[in-house]
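This report deals with aromatic rings and their surroundings in one protein chain. The sequence and structure are shown first.

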Amino acid sequence: MNGLFDELGRKIANKWLTTLLIPGLLWVCTAVLAWHLGWRHAFDPHSALPILHRLGTGHLAGKTVLVVVSALIVAVGAGIAADGLSTLLRSFWVAPVRNAPSRWLRNVRRERWERADRNMEAVSERALRTGDGSEIDAAWARRDAISPIHPVHATWIGDRLRENQRRVQRAYGLDLATTWPRLWAVAPDPIRADIGVAQENFANAARIVAWALLYGLLGFLWGPALLIAVGVLYVGARRARSATEVLCQLVESCVDLYAVDLAERLRIPCAGVFSREVGESISELLRKDRV
């Protein structure tokens, strides 16, 4: 039991270090530079020398400890803020459109998607006339990069998750939102572990985007912070999309492989073949429609 607690403590400490403290210290260093240099000396490295002099050996030990402790406290505070902001981001990415900002984003994405869809239709018609279909895949990819379906949510992530539910509904008649907790209960440990890793990667990507927003705030004081924010935002957005795609594939695979097991556990006959009728029966049972 002591070994279990020791291992758990190490994991918690490692996660605290990698997700809060180290990124927070990097942000604190950037904040100090932003405050000291400002826009006037944004790209002047010599203007940063006074900071190094103040942190040199001339400081008293007590003052040095105070500076270090203050930096750690601010770093942890920034890390907690980024973690909280990442939770809000994840909620926004998957939430239905309910307010003016999300409605505006959805409408902008719809206009872009519809233009890309018309372009794809034009490319397809041209390919039928000329027999050259080399541009079809590129046109299809440009449209799907905006959304895999006609946009319903404010973000690509929300639409990709919705498309995953629709694919399962079309193929098996399953209401994935209702069925998933029970399917998770019968799924074996390996695929549950893979889905857990995908969910953690998604959370980490949201955390990276949150740090990008915090760096963007420093951009009001210091120009290079905006460049850092753009770079971090790009990385976080790409990772969020990648993690969402992997998560959707794993969830769909779990349905493909273990929906029969769920039907057997619920005593719904399927004779080893999972049909739409079986899926609809499971959804009706789990939604308690018969009550």
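Is Tyr 172 buried or exposed? In this predicted model, Tyr 172 has a relative accessibility of 18% and counts as buried, because the limit for burial is under 20%.

## Aromatic pairs

A pair of aromatic rings is described by the distance of the centres and the angle of the planes. The model holds three aromatic pairs. In one of them, Tyr 172 and Phe 274 meet edge-to-face, with 5.4 Å centre to centre and 80° between the planes. This pair links distant parts of the chain: Tyr 172 belongs to helix 6 (residues 156–172), while Phe 274 is in the loop between helix 9 (223–265) and helix 10 (276–286), 102 residues apart. Phe 274, at 14% relative accessibility, also counts as buried.

Trp 180 and Trp 184 form a tilted pair, because their ring planes are at 50°; the ring centres are 5.9 Å apart. Both residues are in helix 7 (residues 176–186), four residues apart, which puts about one helical turn between them. Trp 184 is partly exposed, its relative accessible area being 25%.

## Thr 179 in helix 7

Helix 7 also contains Thr 179, which is buried at 1% relative accessibility. Apart from neighbours within four places in sequence, Thr 179 contacts Leu 174, Leu 262, Ile 282, Ser 283 and Leu 286.

## A charge over a ring

Arg 143 places its charged end over the ring of Trp 140. The distance from the ring centre is 5.2 Å.

Methods
Residues are numbered from 1 along each chain as its sequence is written. This is a predicted model: local features need pLDDT of at least 70, side-chain atom pairs count only at pLDDT 80 or more; totals for chains, interfaces and linings use all residues. Side-chain values use heavy atoms; hydrogens and water are left out. Rings of Phe, Tyr and Trp (its six-membered ring) pair if their centres lie within 6.5 Å; planes under 30 degrees apart count as stacked, over 60 as edge-to-face and the rest as tilted. Helices (H or I, at least four residues) and strands (E, at least two) are DSSP runs, numbered from the N terminus. Buried means under 20% relative accessible area, exposed over 50%, partly exposed in between (1.4 Å probe, protein chains only). A charge sits over a ring if NZ of Lys or CZ of Arg is within 6 Å of the ring centre and within 35 degrees of the ring normal. Contact means heavy atoms within 4.5 Å.
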